[in-house]
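This report goes through selected features of one structure, part by part. Please look at the sequence and the model before reading on.

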Amino acid sequence: MTRIVSTHSYRGGTGKSNITANVAALLAERGHRVGVVDTDIHSPGIHVLFGLDPSAIRFTLNDYLWGRCAVEDAAVDVTDAALGDHSRNGTGKVLLVPSSMRTGEIARVLKEGYEVDLLNDGFHALCDRLRLDYLLIDTHPGVNDETLLSIAISDCLLLVLRPDHQDYQGTAVTLELARRLEVPQLLLVVNKALASFDAKALAEQISLAYRSPVAAVLPLTEDLVRLGSAGVLSAQMPDCAYVTGLRRVVDQLES
């Protein structure tokens with residue numbers, strides 16, 4: 001059975017999409033078939049990390065939601081971009097369902113919305129038709145119908161936060177919702193921690209405050225800034241501290 005993992009943050013700018021892309025790549029590196037869906041339809045962007053040119057994308061999640069194609073027709077094989085030189089060494093795959101970057105399509109979503117139930121149907125169809133081991137859902141920040149659905153159907157919620165008091169308060173709200181929705185596994189990922197922080201002490205403090213395990217404390221890294229969303233960091237710098245931290249997240253997803 002496919003394991004469904006939603007990556008979510010209460011506020012924008014936490015690095016959620018980078019985490020999703022790198023986790024997908026690390027899972028594929030271990031031989032898994034991984035689907036990624038960009039459900040941030042209002043402000044899509046994870047396709048940039050995989051080097052996709054919006055003008056070259058035939059179908060998007062929007063096309064599926066408006067009945068123009070089957071959901072699997074919107075899936076693009078981005079394995080080469082996700083794994084780099086490792087892509088030829090194993091059986092793992094990364095298949096991305098992007099959202100549309102066209103201004104007219106985004107405006108239509110904002111104006112008309114869409115049937116959220118279709119999104120649920122699409123998730124399950126992707127899992128079955130693409131024979132996925134994992135489905136990663138990159139959600140819209142905050143709380144709305146789409147994110148509630150994504151959280152509700154998840155086997156695991158990766159909740160991303162920064163060591164920041166605004167993030168702390170929003171995370172508490174999201175965790176309470178996830179518990180009410182009875183998500184089986186809740187994992188916190190603390191991102192953008194300064195090098196001067198005691199990572200172990202920070203993890204213990206946050207885990208105790210939220211009564212949930214901290215899967216990793218990821219450093220604020222210049223490597224991501226230099227990369228500028230022009231690729232997946234794990235494919236280019238597999239031994240850096242950021243990627244090493246995400247390997248611990250993947251360990252817990254696999255367990």
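## A loop residue and a surface patch

V143 sits in the loop that connects β5 (134-138) with α7 (145-152). The model is predicted, and in it V143 has a relative accessibility of 41%, so this residue counts as partly exposed.

V143 belongs to a nonpolar patch on the surface, together with Y10 and V173. The accessible area of Y10, V143 and V173 together is about 230 Å².

## A second loop: S9

S9 is placed in the loop between β1 (3-8) and α1 (16-29). Is S9 buried or exposed? Its relative accessibility is 1%, and S9 therefore counts as buried, because buried means under 20%.

The side chain of S9 has two polar partners to note here. A polar atom of this side chain lies 2.7 Å from the backbone oxygen of R11. The S9 side chain also makes a polar contact with the side chain of T14, at 3.1 Å.

## The sheet

How are the strands ordered in the sheet? Eight strands form an open sheet, and their order is β3-β4-β2-β5-β1-β6-β7-β8. The pairing in this sheet is mixed. At the edges are β3 (76-77) and β8 (214-219), each of which pairs on one side only.

Within the sheet, strand β2 (residues 33-38) and strand β4 (residues 93-97) run parallel and are joined by five bridges. In this pair, R33 stands opposite K93 in β4. In a regular strand, side chains alternate between the two faces of the sheet.

## The edge strand β8

Strand β7 (residues 185-193) is joined to β8 by four bridges, and the two run parallel. A193 stands opposite P219, a residue of β8.

Although β8 is an edge strand, five of its six residues are buried, so β8 is largely enclosed by the rest of the structure.

## Cysteines

How many disulfides does the model contain? The count comes to zero, because a disulfide needs a pair of cysteine sulfur atoms within 2.5 Å. C127 is in no disulfide: the nearest cysteine sulfur belongs to C156 and is 14 Å away.

C127 has a relative accessibility of 8%, so C127 counts as buried. C240 has a relative accessibility of 11%, and this residue therefore counts as buried too.

Notes. Residues are numbered from 1 along each chain as its sequence is written. This is a predicted model: local features need pLDDT of at least 70, side-chain atom pairs count only at pLDDT 80 or more; totals for chains, interfaces and linings use all residues. Side-chain values use heavy atoms; hydrogens and water are left out. Buried means under 20% relative accessible area, exposed over 50%, partly exposed in between (1.4 Å probe, protein chains only). Patches are made of residues with over 30% relative accessible area and no salt bridge: like charges are joined within 9 Å, nonpolar side chains (Val, Leu, Ile, Met, Phe, Trp, Tyr) within 5 Å. Accessible areas come from the Shrake-Rupley method with a 1.4 Å probe; for residues, only the protein chains shown count as cover. A salt bridge is a side-chain nitrogen of Lys or Arg within 4 Å of a carboxyl oxygen of Asp or Glu. Two strands pair if DSSP finds at least two bridges between them. A polar contact is a pair of N or O atoms within 3.5 Å; within protein, one must be able to donate a hydrogen and the other to accept it, and residues adjacent in sequence count only if both atoms are side-chain atoms.
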